[in-house]
Amino acid sequence: MSSSETEPESPTGPESQIGPADDLSATVAPQLRALRRRASLTLEVAARSAGLSPAHLSRLETGLRQPSLPMLLALARIYGTTVSDLLGETVTDRDAVVRAADMEPTRAGGWTYWQAGAPGRGMQSLRVRIPHGSQGDIVRVHPGEEWLYVLKGRLRLRLGDTAHVLAPGDSAHFDSLTPHRLAAADETGVEVLFVHTLLQSPTATLCLGPITGETP
């Protein structure tokens with residue numbers, strides 16, 4: 001740890017009225033402090049890299065503030081770790097290989113999902129079958145990053161105000177906070193491989209509902 005590190009401040013004013021940390025803050029706070037010190041980063045440098053004020057990061061490290069998922073993602077990248085580690089999650093005997101026979105399909109909103117990676121990782125992988133005409137008007141917005149690769153059929157992808165049609169072999173990589181829509185371009189549907197950083201998200205959270213007033 002750098003000798004110039006500034007220790008977490010004692011909150012004053014309204015901040016000092018914050019009650020005891022909840023379970024999440026109590027788990028994450030010591031991890032954040034330990035990982036920052038292991039990375040030999042001062043409070044100021046780490047906070048600036050994460051887009052936070054030093055005072056805010058100090059309160060996260062002392063459990064007086066609960067971090068959002070975007071904050072955890074940013075800090076995990078800075079400290080060279082995963083959100084799983086920040087949350088103190090441990091998974092024993094986690095297999096690196098996922099067999100096709102073990103991929104049980106899950107259906108939601110007309111889509112069919114297969115888990116394509118091990119649970120509990122900082123990145124989650126899914127193989128998705130999208131029938132024609134299903135969920136084409138749903139706008140998805142969630143923290144993290146998303147990468148997708150078209151396996152079969154053609155995908156109609158809208159990112160913000162820009163529309164794309166992706167053929168087999170095409171891929172896209174984007175910030176998931178960019179409003180995005182996915183739909184099959186052909187009546188035969190489309191099959192896509194997803195990798196995203198929304199930790200442990202159930203498949204249904206990929207579909208956060210249509211935004212009122214949007215035009216499909």
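Which residues of helix α4 (residues 69-79) are buried? They are Leu72, Leu73, Ala74, Leu75, Ala76 and Tyr79, where buried means under 20% relative accessible area, exposed means over 50% and partly exposed is in between, for a 1.4 Å probe and protein chains only. Helices here are DSSP runs of H or I with at least four residues, strands are runs of E with at least two, and both are numbered from the N terminus. This is a predicted model, in which local features need pLDDT of at least 70 and side-chain atom pairs count only at pLDDT 80 or more, while totals for chains, interfaces and linings use all residues. Residues are numbered from 1 along each chain as its sequence is written, and side-chain values use heavy atoms, with hydrogens and water left out.

Staying with the helices, α4 is followed by Gly80, which has a positive phi near 65°. Something similar turns up after α3 (residues 54-61): Gly63 follows α3, and its phi is positive, near 80°. Within α3 itself, Leu57, Ser58, Arg59, Leu60 and Glu61 are buried.

How do α2 and α3 sit against each other? They pack at an angle of about 100°, with their axes 8 Å apart. That makes α2 roughly perpendicular to α3. On this scale, angles of 65 to 115 degrees count as roughly perpendicular, under 35 as roughly parallel, over 145 as roughly antiparallel and the rest as oblique. The axes are lines fitted to C-alpha atoms, for helices over the stretch in contact, and the angles run from 0 to 180 degrees between N-to-C directions. Leu43, Glu44, Ala46 and Ala47 of α2 meet Pro54, Leu57, Ser58 and Glu61 of α3, with contact taken as heavy atoms within 4.5 Å.

Just before α2 comes a small oddity. Most residues other than glycine have a negative phi. Ser40, however, is a non-glycine residue with a positive phi, near 55°. Ser40 belongs to the loop between α1 (23-38) and α2 (43-50), and is partly exposed at a relative accessible area of 44%.

Now for the strands. One open sheet has six of them, in the order β1-β2-β3-β9-β4-β7, with antiparallel pairing; two strands pair if DSSP finds at least two bridges between them. β1 (105-108) and β7 are the edge strands, each pairing on one side only. On average, neighbouring strands in this sheet are turned by 25° against each other, direction ignored.

At the β1 edge, four bridges join β1 to strand β2 (residues 111-115), and the two run antiparallel. Pro105 stands opposite Trp114 in β2, and Ala108 has Trp111 as its bridge partner. β1 and β2 form a hairpin with two residues between them, and Gly109 in the turn has a positive phi of about 60°. Trp114 also has company over its ring: Arg127 lies over the face, at 4.2 Å from the ring centre. To count as sitting over a ring, NZ of Lys or CZ of Arg must be within 6 Å of the ring centre and within 35 degrees of the ring normal.

At the β7 edge, strand β4 (residues 145-152) and β7 run antiparallel and are joined by five bridges. Tyr149 stands opposite Ser171 in β7. In a regular strand the side chains alternate between the two faces of the sheet. β7 (residues 171-175) shows this nicely: Ala172 and Phe174 point to one face and are buried, whereas Ser171, His173 and Asp175 point to the other and are not.

How many aromatic pairs does the structure hold? There are two. Rings of Phe, Tyr and Trp (its six-membered ring) pair if their centres lie within 6.5 Å; planes under 30 degrees apart count as stacked, over 60 as edge-to-face and the rest as tilted. The pair of Trp111 and Tyr113 is tilted, because the ring centres are 6.0 Å apart and the planes stand at 40°. Trp111 and Tyr113 are both buried. Trp147 and Tyr149 form a stacked pair, 6.1 Å centre to centre with 20° between the planes. Trp147 is partly exposed at 29% relative accessible area, and Tyr149 is partly exposed at 30%.

Finally, an open sheet of three strands has the order β6-β5-β8, again with antiparallel pairing. β6 (162-166) and β8 (180-184) each have a single partner strand, so one side of each is left without a neighbour in the sheet.
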